Amino acid sequence: MNPIEVEHLRREFKTHIGVIRRKAKTVVAVDDISFAVSPGELFGLLGPNGAGKTTTVKMLTTLLIPSGGTARVLGHDVDRDPEPIRKRIGFIFGGERGLYWRLSGIDNLRYFASLYHVEPAVARKRIAYLLELVGLGDRGKEKVEGYSRGMMQRLHIARTLLHDPEVLFLDEPTIGLDPVGARELRHVVRDLQAERKTILLTTHYMFEADALCQRVAVINKGRIIAMDTPQALKGHVSDLSVVEVEVFGLPPDVLERVRGMPFVDTVSLENLDSRQWMRVQTRRGAEAVPDLMAAMSGLRVGRVVVREPTLEDAYVRLVGGEA
Amino acid sequence: MRALAINVRLFMEGALLSYVALFSWLQPVAYLASKVFMPLVQILFWTMLGTFATGRANASFFIIGNAVQLAAVNGIYGVTMSVGGDRWAGTLPYLFGTPANRLAMFSGRAFMHVIDGMLTVVMGLAWGVLLLGLDFSQANLVGLALAILITTFSTSGLGLLLGCVGLVSIETMFINNTAYVGLLIFSGANIPLAALPGWMQSISWALPLTRGIAASRALIDGASLGSVLPLLGGEVLLGAVYVLLGYSLFRWVERQAKRSGKLEGF
């Protein structure tokens with residue numbers, strides 16, 4: 001039995017538009033996804049914002065009822081039999097919320113230990129151990145309101161491990177963290193992996209998935225569009241090169257013109273204050289540069305780099321340049 | 001037996017920690033303002049107004065009525081902060097994702113406010129004695145302590161219900177203020193129930209505090225505990241009804257959140 005088994009899972013939300021003449025609108029957040037996570041595996045669910053990652057995690061953690069399909073965690077159906085699941089899983093959602101800021105780190109953990117039925121004597125030892133594990137051993141007595149984001153995220157990790165769960169759901173655990181904080185948190189995740197915990201990690205950082213996950217499912221618009229090892233996913237773009245162009249004030253019509261060029265596979269744009277990085281995936285490599293420059297004639301162009309594709313480029317290609 | 005021990009521990013841990021975590025008036029200045037000076041001002045205001053309108057002989061009616069009504073400071077404001085505060089802290093998904101007994105988790109939120117509310121009532125009565133000459137010479141102190149405990153419990157029951165409304169509404173303070181002022185009118189703290197129209201009296205008897213205030217007045221006048229037991233029994237029952245209504249709403253919020261996906265987005 002796999003700790004996580006998802007078959008044709010679907011979730012839709014009904015919203016209403018207007019006040020007097022209200023119109024119902026149905027949004028499909030998760031659309032017929034299937035996957036299984038093996039014991040001890042660190043499985044990544046990757047996708048852009050709004051792809052359905054958090055909705056999937058909420059269903060698997062019994063916080064949201066699926067609209068269709070089935071999901072089983074540790075052999076129990078998430079809808080019909082949630083109680084045994086709750087005792088044996090841990091989960092965190094990214095961000096600073098979800099902690100009692102006016103309590104100390106230790107008191108936060110004490111309260112959640114009681115919610116998870118951890119005996120007081122066990123809880124005391126476990127809290128001390130976990131605070132050390134997440135690097136908060138000397139800060140546990142301080143109020144959480146004085147913690148940095150990274151410390152809060154690490155406290156979340158400690159909270160989720162209080163009852164020694166078999167399966168962990170980590171929903172964008174490094175979101176909003178500075179690079180140092182994110183790296184420290186990834187170290188903690190690696191330690192958990194070493195303890196043979198089954199982990200489902202969602203992220204939209206490709207390098208994070210590449211560094212941590214044994215297998216990755218790429219999800220976009222509620223559907224899984226690829227699922228494989230990071231290495232195999234990189235194979236999706238092995239025949240491509242990436243041309244990166246730093247440009248100042250790229251008009252939308254020029255971007256569309258580049259997208260329409262016959263040798264261009266995928267284009268993504270990263271906005272950085274007054275400039276943008278345009279990343280063009282193409283089979284023509286450096287030979288594409290003159291045509292690209294011609295398409296952008298009259299614009300101020302900075303650096304131009306031609307490089308081999310990464311897993312992130314594979315991801316961009318899979319989600320159609322929306323990342 | 002083990003399940004009982006787990007739930008008692010959860011109740012007690014939750015009682016203390018949620019009080020510290022979510023009662024936002026638990027800071028020196030806010031606490032002094034809301035739990036020491038506001039009671040003084042409320043008692044002075046209503047006693048001065050009441051004696052101006054009806055004569056000094058009725059001072060104790062207003063002092064005792066308002067002192068006991070102060071149970072609503074904790075019962076309404078405090079408890080709603082401790083229940084509804086999870087929405088603002090973003091802790092609801094984490095609470096609903098635990099295997100914890102919901103009744104122990106939920107009712108624990110009110111426990112410290114019952115104790116704190118009793119202190120507020122005592123503070124109100126102390127102001128009455130010190131500044132307005134409230135006469136305690138005939139008081140049945142044991143009976144009065146029980147009456148204050150029961151009244152604070154029943155008011156906290158209403159607070160648990162309103163706190164759950166706060167989980168699904170952003171108008172928490174509006175609801176709290178309406179409830180608090182409503183109790184000033186309907187509970188008999190300032191207007192004798194007999195002076196209220198029939199329909200208002202019906203509302204009065206369906207609210208906490210009404211019986212508690214009546215019992216407290218009688219006990220300070222020297223009545224025996226036995227003579228006010230029907231009032232106190234009614235107040236306990238009413239408090240229990242409000243706790244159960246609040247708990248039912250809490251479970252409904254949880255179920256609804258799982259269906260709609262709007263755990264924190266009401």
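Among contacts in chain A between residues at least 6 apart in sequence, what share join residues at least 24 apart? The figure is 71%. Keep that in mind as you look around this predicted model.

## Chain A at a glance

Let's start with the overall build of chain A. Its 323 residues include 46% that are buried. You'll find 11 helices and 14 strands in chain A, and the C-alpha trace spans about 70 × 50 × 45 Å along its principal axes.

## Two domains in chain A

The domain assignment splits chain A into domain 1, covering 4-228, and domain 2, covering 236-318. Measure from one C-alpha centre to the other and you get 35 Å between domain 1 and domain 2 of chain A. The two do touch: seven residues of domain 1 of chain A are in contact with four residues of domain 2 of chain A.

Who does the touching on the domain 1 side? Helix 7 (206-212) and strand 10 (223-228) of chain A each put in at least two residues. Helix 7 of chain A gives the most, with three residues. As for chemistry, the domain 1 side that meets domain 2 of chain A has six nonpolar residues, one charged residue and no polar ones.

## Where chain B meets chain A

Now for the partner. Here 24 residues of chain B are in contact with 23 residues of chain A. On the chain B side, the elements that give two or more residues are helix 1 (2-22), helix 5 (92-96) and helix 11 (225-260). Helix 1 of chain B is the top contributor, with eight residues. Sort the chain B residues that touch chain A by type and you get 14 nonpolar, six polar and four charged.

## How confident is the predictor?

For the complex, the predictor gives an ipTM of 0.84 and a pTM of 0.84. Chain B has a mean pLDDT of 91, and 98% of its residues reach 70 or more.

Element by element, helix 1 of chain B has the lowest mean pLDDT, 86, while helix 10 (residues 210-220) of chain B has the highest, 97. That puts the lowest value among the elements of chain B on helix 1, the helix that gives the most to the side touching chain A.

## A helix with a kink

Helix 11 of chain B deserves a look of its own. It has 36 residues and reaches 50 Å from its first C-alpha to its last, close to the 52 Å expected at 1.5 Å a residue. Still, there's a bend to spot: a kink of about 35°, centred on B:Leu231, sits in helix 11 of chain B. Just after this helix, B:Gly261 takes a positive phi of about 80°.

## Two unusual backbone angles in chain A

Some background first: most residues other than glycine have a negative phi. A:Thr62 goes the other way, with a positive phi of about 70°. You'll find A:Thr62 in the loop between helix 1 (53-60) and strand 4 (68-73) of chain A. Is A:Thr62 buried or exposed? It counts as buried because it has 24 C-beta neighbours inside 10 Å, and the cut-off for buried is 20 or more.

A:Arg196 is another non-glycine residue with a positive phi, near 70°. This one lies in the loop between helix 6 (179-194) and strand 8 (198-203) of chain A. A:Arg196 is exposed, because just 11 other C-beta atoms lie within 10 Å, and the cut-off for exposed is 12 or fewer.

## Two more residues to find

A:His204 lies in the loop between strand 8 and helix 7 of chain A. With 18 other C-beta atoms within 10 Å, A:His204 is partly exposed. Follow the chain for 109 residues and you reach A:Asp313, yet the C-alpha atoms of A:His204 and A:Asp313 are separated by 12 Å.

A:Ile106 lies in helix 3 (residues 105-115) of chain A. Why does A:Ile106 count as partly exposed? Because it has 19 C-beta neighbours inside 10 Å, and a residue needs 20 or more to be buried. Leaving out residues up to four places away in sequence, A:Ile106 touches A:Ile127, A:Gly140 and A:Lys141. A:Leu155 is 49 residues from A:Ile106 in sequence, while the C-alpha to C-alpha distance is 9.3 Å.

Technical notes: Residues are numbered from 1 along each chain as its sequence is written. Chains are lettered from A and ligands numbered from 1 in the order in which they are written. This is a predicted model: local features need pLDDT of at least 70, side-chain atom pairs count only at pLDDT 80 or more; totals for chains, interfaces and linings use all residues. Helices (H or I, at least four residues) and strands (E, at least two) are DSSP runs, numbered from the N terminus. Ala, Val, Leu, Ile, Met, Phe, Trp, Tyr, Cys and Pro count as nonpolar, Asp, Glu, Lys and Arg as charged, and the others, Gly among them, as polar. Domain bounds come from an automatic or database domain assignment. pLDDT is the predictor's confidence in each residue, from 0 to 100. The expected span of a helix is 1.5 Å times one less than its number of residues. The bend at a residue is the angle between axes fitted to the seven residues ending there and the seven starting there.
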